[in-house]
Amino acid sequence: MKLSLLGTTGYHPNERAHTMCLLLPECGVMLDAGTGMFRAAQHLKGPELDIFVTHAHLDHIIGLTFLFDVIRHHPLDRVTVHGEATKLAAVEEHLFAESVFPARPPIEFRPLRGEVSLSGEGRLTHFPVEHPGGAVGYRLEWPSHSMAYVTDTTASLDAAYLEQIRGVDLLVHECYFPDQKADWAAKTGHSSITPVALLAKSAGVGRLVLVHMDPGTSDEDPVGLETARQIFPATELAYDLMQLDF
């Protein structure tokens with residue numbers, strides 16, 4: 001299975017990266033709809049798209065307003081946006097308010113209730129993570145491969161979602177700050193590098209890819225990759241348009 005990273009940074013885009021938007025082209029699944037959404041048309045394979053949003057903060061949903069351009073370049077028979085009911089209601093009420101964005105794209109909103117079936121005998125489950133306003137993470141698995149996506153939360157070894165990510169082949173996890181700014185991570189509901197690496201090691205995942213890093217820094221390595229690799233060697237920094245096989 002291939003995962004295309006259309007947007008990998010946090011909070012706001014910068015000169016090198018757009019906000020969170022991950023795409024599984026083979027099964028028509030998108031994880032979050034940040035500013036990287038504009039790239040989707042050139043990567044989509046089929047006529048249907050299921051978008052799973054983690055929460056309703058603008059950097060994760062603003063790309064929904066880009067769908068007209070996506071559909072113009074890659075026609076879609078169906079677009080369904082999945083998420084917690086309260087978050088979807090907020091998107092409908094505010095993002096697509098008549099005075100803000102009156103021309104609503106042809107999308108259906110579907111609240112998360114239980115397991116969701118994916119093409120190729122796959123399944124998707126969701127689980128809560130701690131973040132101001134609330135958010136969810138996702139686990140996607142097929143008979144021979146699996147991944148988890150966790151963003152906008154503060155990683156720790158006693159995180160309630162540890163069991164939900166256990167044993168996945170690929171963990172895509174946020175890491176907004178280096179350890180020197182762990183206090184800011186706690187204040188803002190984000191993660192610093194060492195707890196993320198320790199979590200990946202404890203959960204026995206195969207590979208850790210770090211996303212949602214601080215867009216306010218121009219450093220090529222804004223979090224301290226070697227710190228993570230000393231704990232969990234199979235750690236990588238994400239970048240826009242990165243392709244991951246798992």
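This dialogue goes through the strands and salt bridges of one predicted model.

Student: What kind of model is this, and how are residues numbered?

Tutor: The model is predicted: local features need pLDDT of at least 70, side-chain atom pairs count only at pLDDT 80 or more, and totals for chains, interfaces and linings use all residues. Residues are numbered from 1 along each chain as its sequence is written, and side-chain values use heavy atoms, with hydrogens and water left out.

Student: How do strands form a sheet, and what is the strand order in the open sheet here?

Tutor: Strands of a sheet pair through backbone hydrogen bonds, either parallel or antiparallel. Helices (H or I, at least four residues) and strands (E, at least two) are DSSP runs, numbered from the N terminus. Two strands pair if DSSP finds at least two bridges between them. Here an open sheet of 7 strands follows the order β7-β8-β9-β10-β11-β12-β13, and its pairing is mixed. At the edges stand β7 (116-118) and β13 (235-237), each of which pairs on one side only. From one strand to the next the twist averages 20 degrees; axes are lines fitted to C-alpha atoms, for helices over the stretch in contact, and angles run from 0 to 180 degrees between N-to-C directions.

Student: Which helix lies across β11 and β12?

Tutor: Helix α6 (residues 193-203) lies across β11 (170-174) and β12 (208-211), and runs at about 150 degrees to β12. Contact means heavy atoms within 4.5 Å.

Student: In what sense do β8 and β9 pair?

Tutor: Strand β8 (residues 122-129) pairs with strand β9 (residues 135-142) in the antiparallel sense, over 7 bridges. Arg123 has Glu141 in β9 as its bridge partner.

Student: How is a salt bridge recognised, and how many are there?

Tutor: A salt bridge is a side-chain nitrogen of Lys or Arg within 4 Å of a carboxyl oxygen of Asp or Glu. By this rule there are 14 salt bridges. One of them joins the side chains of Arg123 and Glu141, at 2.8 Å from N to O. This pair links distant parts of the chain, with Arg123 in β8 and Glu141 in β9, 18 residues apart. Glu141 also forms a salt bridge with Arg139, where the closest N and O atoms are 3.4 Å apart.

Student: Are Arg123, Arg139 and Glu141 buried or partly exposed?

Tutor: Buried means under 20% relative accessible area, exposed over 50%, and partly exposed in between (1.4 Å probe, protein chains only). Glu141 is buried at 18%, and Arg139 is buried at 14%. Arg123 is partly exposed, with 32% relative accessibility.

Student: Which parts does the salt bridge between Glu236 and Arg207 tie together?

Tutor: The side chains of Glu236 and Arg207 meet at 2.5 Å, N to O. Glu236 lies in β13 and Arg207 in the loop between α6 and β12, so the pair ties together parts 29 residues apart in sequence. Glu236 is partly exposed at 21% relative accessibility, as is Arg207 at 22%.

Student: Why is strand β4 described as largely enclosed?

Tutor: In β4 (residues 48-52), 4 of the 5 residues are buried, so the rest of the structure largely encloses this strand. Strand β3 (residues 29-31) runs parallel to β4 and is joined to it by 3 bridges, with Met30 opposite Ile51. β4 is also joined to strand β5 (residues 78-83) by 5 bridges, again in parallel.
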